[in-house]
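Please open the model in your viewer and keep the sequence panel beside it. The stops below say what to select next and what is found there.

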Amino acid sequence: MPLEGVHSYKPRIVAYRNDSCVSCDGPRRAHQVRSFKAFQVYYIPVVPLGFWREWQCSECGKDPHVYSRRLRHTRWVIVLLTGFFAIAGVVASFDEQGSIAITWLMRLGFPAVFFTALWFAFRKKPDRALREKLREVSQDLDNTCALCSGALIQDHGWRCSQRGAEKMEVIQA
């Protein structure tokens, strides 16, 4: 058990929608959970971080549009490896007096590959596969709440009359 970290207090579902989860790889219902977060040390809240709203898959509990950590970590391992080779190539190009083409390839080519890998790691590219999956998600046309089967009322969007949870749709960018 960790003795420090961020803890959520009083999580509550405030909205739901039909969504597509990349972890489950299929259409699922997602819940927007509102909670108060605080950094805690030895189970004592030390630094309040405020109220947060996060989307969670109803099946796996993860953010439905975020890929696993393994894939994100692999991206940074590739950046580190290309950075190592770029530094080693530049240092070796000054030590070794071989072909001019190979010397300049090591001085310019390896750093260019490193900066390209770094650019791809930081870039937030829209996911085409996720966009296609979101198009396949069907709209929720029910007049009852999916969480408690209460009646939905029109109040700046559809809202449950019993729990107050809002029925939302996926915004496709």
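Begin with the whole chain on display: of its contacts with a separation of 6 or more, 56% are between residues 24 or more positions apart, where contact means heavy atoms within 4.5 Å. This is a predicted model, in which local features need pLDDT of at least 70 and side-chain atom pairs count only at pLDDT 80 or more, while totals for chains, interfaces and linings use all residues. Residues are numbered from 1 along each chain as its sequence is written, and side-chain values use heavy atoms, with hydrogens and water left out.

**The whole chain**

Switch to a cartoon view and colour by secondary structure, which should bring up three helices and six strands; helices here are DSSP runs of H or I with at least four residues, strands are runs of E with at least two, and both are numbered from the N terminus. Following the cartoon along the sequence, you pass through the pattern β-β-β-α-α-α-β-β-β.

Now reduce the display to the C-alpha trace, which spans about 80 × 45 × 25 Å along its principal axes. The radius of gyration of the chain is 24 Å, whereas a compact globule of 173 residues would have one near 16 Å; the value is taken over C-alpha atoms, and the globule rule is 2.2 Å times the number of residues to the power 0.38.

With a surface shown instead, the accessible area of the chain comes to about 12,400 Å², and carbon and sulfur atoms hold 61% of this, as computed by the Shrake-Rupley method with a 1.4 Å probe, with only the protein chains shown counting as cover for residues. Buried residues make up 25% of the 173 residues, where buried means under 20% relative accessible area, exposed means over 50%, and partly exposed lies in between (1.4 Å probe, protein chains only).

**Strand 1: S20**

Select S20, which sits in strand 1 (residues 4–21). Is this residue buried or exposed? S20 has a relative accessible area of 4% and is therefore buried. If you leave aside residues up to four places away in sequence, the residues that S20 touches are G26, P27, R28, P64, H65, L130, K133, L134 and V137.

**The salt bridges**

Next, show the charged side chains and look for the three salt bridges that the structure holds, each being a side-chain nitrogen of Lys or Arg within 4 Å of a carboxyl oxygen of Asp or Glu.

- Select R17 and D19, whose side chains meet at 3.0 Å, N to O; both R17 and D19 are buried.
- Select K37 and E54, where the closest N and O atoms are 3.4 Å apart. Because E54 lies in strand 3 (residues 44–57) and K37 in strand 2 (residues 26–41), the pair ties together parts that are 17 residues apart in sequence. K37 counts as buried at 11% relative accessibility, whereas E54 counts as partly exposed at 28%.
- Select R159 and E166, with 3.7 Å between the closest N and O atoms; R159 has a relative accessible area of 27% and is partly exposed.

**The loop between strand 2 and strand 3**

Move on to Y42, which belongs to the loop between strand 2 and strand 3 and has a phi near 50 degrees, a positive value in a residue other than glycine. Y43 is also found in the loop between strand 2 and strand 3, and the phi of Y43 is likewise positive, near 65 degrees. Y42 is exposed, with a relative accessible area of 55%, while Y43, with 47%, is partly exposed.

**Strand 3: P48 and Q56**

Select P48 in strand 3, which counts as exposed at 58% relative accessibility. Not counting residues up to four places away in sequence, P48 touches F36, K37 and A38. What distance separates the C-alpha atoms of P48 and S58? They are ten residues apart along the chain, and 27 Å lies between the two C-alpha atoms.

Finish at Q56, which is also found in strand 3 and is partly exposed at 30% relative accessibility. A distance drawn from the C-alpha atom of Q56 to that of V33, 23 residues away along the chain, comes to 7.2 Å. V33 is among the residues that Q56 touches when residues up to four places away in sequence are not counted, the others being R29, A30, H31, G61, K62 and P64.
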